[in-house]
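I'm opening a fresh page for this one. Below are my notes, in the order I looked things up.

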Amino acid sequence: MKLSPIVVFFLFIQLLSGQIQDKIDFVRAEVLIEPTPSENRIKGNVAYQFKVIEDVDSMYLDAVDIDFSIVYLDENKIDYDYNGKKIIIKTKMKKGDNHILEMEYISRPKQTVYFLGWDDGIEGNEQIWTQGQGKYTSHWLPSFDDMMEKVEFDLTIALKQDYSVIANGRLIQKKTLPDSKEYLWQFDMQKPMSSYLVGFAVGNFDKKSIQSGSGVPIELYFEPKDSIRVEPTYRYTKHIFDFLENEIGVSYPWQNYKQVPVQDFLYAGMENTTCTIFSNQYVVDSTAFVDKNYVNVNAHELAHQWFGDLVTETSSEHHWLHEGFATFYAYLTEKDIFGDDHFYWRLLETAEALKNFSEDDQGEALRNSSAGSLTFYEKGAWALVILKERVGVEAFKKGVKSYLEKYAFKNVTIPDFMTEMEKVSGIDLSSFEETWLQSPDFPYNQAVAFLAEENTSINTYFKLKNKIADLPESTETILKNVWDKLESNKLKEALTLEYGSELSSGFLATILRAGDLKVRQAVVLSQSKIPIELQREIEGLLKDKSYATVEAALYRLWTDFPENRHKYLDETDGIIGFPNKNLRLLWLTLALVTPEYNPDSKALYFDELSRYTGAEYHFETRLLAFQYLKTIGGFTDTILKNLVESCGHHVWHFKKSARKILDDFLRAEGSVERIKKLYPLLSQQEKQYLNKTLGE
């Protein structure tokens, strides 16, 4: 039977998809892109230099929904096949030959490149940024979804507007083209990396420049409106950099390092080589720093410059080599900054989470390529904690150094790392691998035994828990007898959170007066209702230097002492809180539902709360506003339009939450008719989603 050309092409594509393109070595890429934000479009040109390792008659690149205008091989136009996902060049090439493949194209990426704020009418709010982790860079740049192909990517970015541009490598020059009035930003990389680590950000940014102890230039970006938050946001950055270089034992492998916070980022951060992009929800003031700061994410993404960027996994089965290592070194960094107690109590927290996950879902092995974040990050970090104890500090550091130097700018597997550790330690680590890497269970008892031996306060914690379990009626007596002798605030915080609801008002008052900020916070968080004897002490928490504490105290006091609601609202008016405006949104909601509180300002309060559902605000702020407005039944047509728009947002968990709120709204009588009246104001995509939701 003779197959049709279409079937032959399909089978050829399927064959390519399962292959590693190891007969060709792509060495360098010169990339020129021109984003057009008004069209969510990128016009691009890329020239790849490559060497033929063995005779071949075809090659391919990954390219998702890209329109190619011209494809050249060694400056000669060449035919190609394209199926919407891969571009295939069929031509015979001999071993040892060097070639240049050049492509001109246009992409309209539906993911990976995000254009924000270009149509909201707010000047200075515009941003473009990328998130290519996994295999998504091919949505805007013909490249390689396979992490095994490492290339030196040199980017040039052309813009018609004079914004700041941040990308991989060193900025060689920024110049203006007089004829076209375009700005060109040209970046140079010196070493190869996997395609998913190519990234750039565009926006209205200023920067602060510092230098590591070893002389590496570090650029800290921020929006001009956040200038007073630069210090608390990037607090300890030089310390983090210097600590990791020393702890890892291998010099930072790239020519510089940059960090840029962006709006509505999908995750906490992303370790693009030399250019970490992170969520602007970590741009905080000194009060927010107490409860939510960038230190851990800062250290985690920087550690990836070694673990993930310098040495890169061959496949997701070996993802521990990225996320477990970055998490582990971030925890070590926090230990160096915040102390032993912080480190060991954080490990206890993750051990409890892993234990619960293992019991509920039967756990996941670290070698499971489909494992989730809790496994790769937290179980992965725990595996390294135990491995370091097993082989000893000196052997561990020597093994890590040997591993990084041997496989620098290459791809690795877990056996590669374990072989280095066994070599330097002289220890058979097969039992470690079986327990920590191959078993789906989390060895909780082993973890707790380790913590109890290493940390006195955790040891005391478990002894007290056991004692209270035997004598639950004596909980307060047991704690009173030891409280003044406890030196660890982390221990006091944990005990208060766990047993605070069982303690007398007198004892809680003593804890409040003598406790540190987090211990005081634990008191209010532990109470389902504030005893009248504690009213004055809890009122004092409205002045604490913690937005989390003030939020909890305000809500609890407003609920439990309605006669003083005006007083509490007056005292907290004007406090914004975290970057997601948690306190302001709570305050506006409470002010709206408090009878007789500033009646002449109710409309202003509602307008402000409603405004926070708009697309110009961060999705965390929007979600809180939607939730509060749902609670008070305050959905206007404008809010509903914003809610429908949110149902197509690029951040999945926000989109999912918005859809749930909309579904709940549509159950109410008359709601469908209200939504249908909005159709003339909606985009075609929004109409299609509503039609599907309404079954039409």
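**Notes on the second pocket**

I started with the lining of the second largest pocket and sorted its residues: nine are nonpolar, one is polar and seven are charged. I should jot down that this is a predicted model.

Next I asked for the volume of that second largest pocket, and I got about 300 Å³. There are 17 lining residues, and the closest to the centre are Ile24, Asp25, Met148, Glu149 and Lys150. I also wanted to know which strand gives the most to this lining; it's β1, with four residues. Both β1 (24-36) and β3 (59-62) supply at least two residues each.

**Tyr136**

Then I went looking for Tyr136 and found it in the loop between β10 (127-130) and β11 (150-159). Is Tyr136 buried or exposed? Neither, quite: its relative accessible area is 36%, so I put it down as partly exposed. Leaving out residues up to four places away in sequence, I noted that Tyr136 touches Gln111, Thr112 and Gln131. Out of curiosity I checked Tyr136 against His342: they are 206 residues apart in sequence, and their C-alpha atoms are 36 Å apart in space.

**Helix α7**

His342 led me on to helix α7, which covers residues 340-361. I tested its length: 22 residues at 1.5 Å each should span 32 Å, and the end C-alpha atoms sit 31 Å apart, so the two agree. Which residues of α7 are buried? My list reads Phe343, Tyr344, Trp345, Leu347, Leu348, Thr350, Ala351, Leu354 and Ser358. A reminder to myself: an α-helix has 3.6 residues a turn, so residues three or four places apart point the same way. What covers the buried residues of α7 includes α6 (320-338), α8 (373-391), α12 (444-454), α13 (456-470) and α15 (489-499). Just past the end of α7, I found Gln362 with a positive phi of about 70°.

**Strand β18 and its partners**

Last stop was β18 (residues 217-222). Five of its six residues are buried, so I wrote it down as largely enclosed by the rest of the structure. On one pairing, β17 (residues 206-211) runs antiparallel to β18 over six bridges. The hairpin of β17 and β18 has five residues between the strands, and there Gly215 takes a positive phi near 95°. With β19 (residues 257-262), β18 runs parallel, joined by three bridges.

I followed Glu219 of β18 both ways: Ser209 stands opposite Glu219, and in β19 the bridge partner of Glu219 is Lys258.

Methods:
Residues numbered from 1 in each chain as written. Predicted model: local features only at pLDDT ≥ 70, side-chain atom pairs only at ≥ 80, totals over all residues. Heavy atoms only, no water. Buried < 20%, exposed > 50% of the residue type's maximum accessible area, 1.4 Å probe, protein only. Contact = heavy atoms within 4.5 Å. 1 Å grid on protein atoms, 1.4 Å probe; cavity = no way out; pocket = protein on both sides within 12 Å on 5 of 7 lines; lining within 4 Å. Points joined across faces, edges and corners; volume = space filled by probe spheres on them. Nonpolar A, V, L, I, M, F, W, Y, C, P; charged D, E, K, R; others polar. Expected span 1.5 Å × (residues − 1). Pairing = 2+ DSSP bridges.
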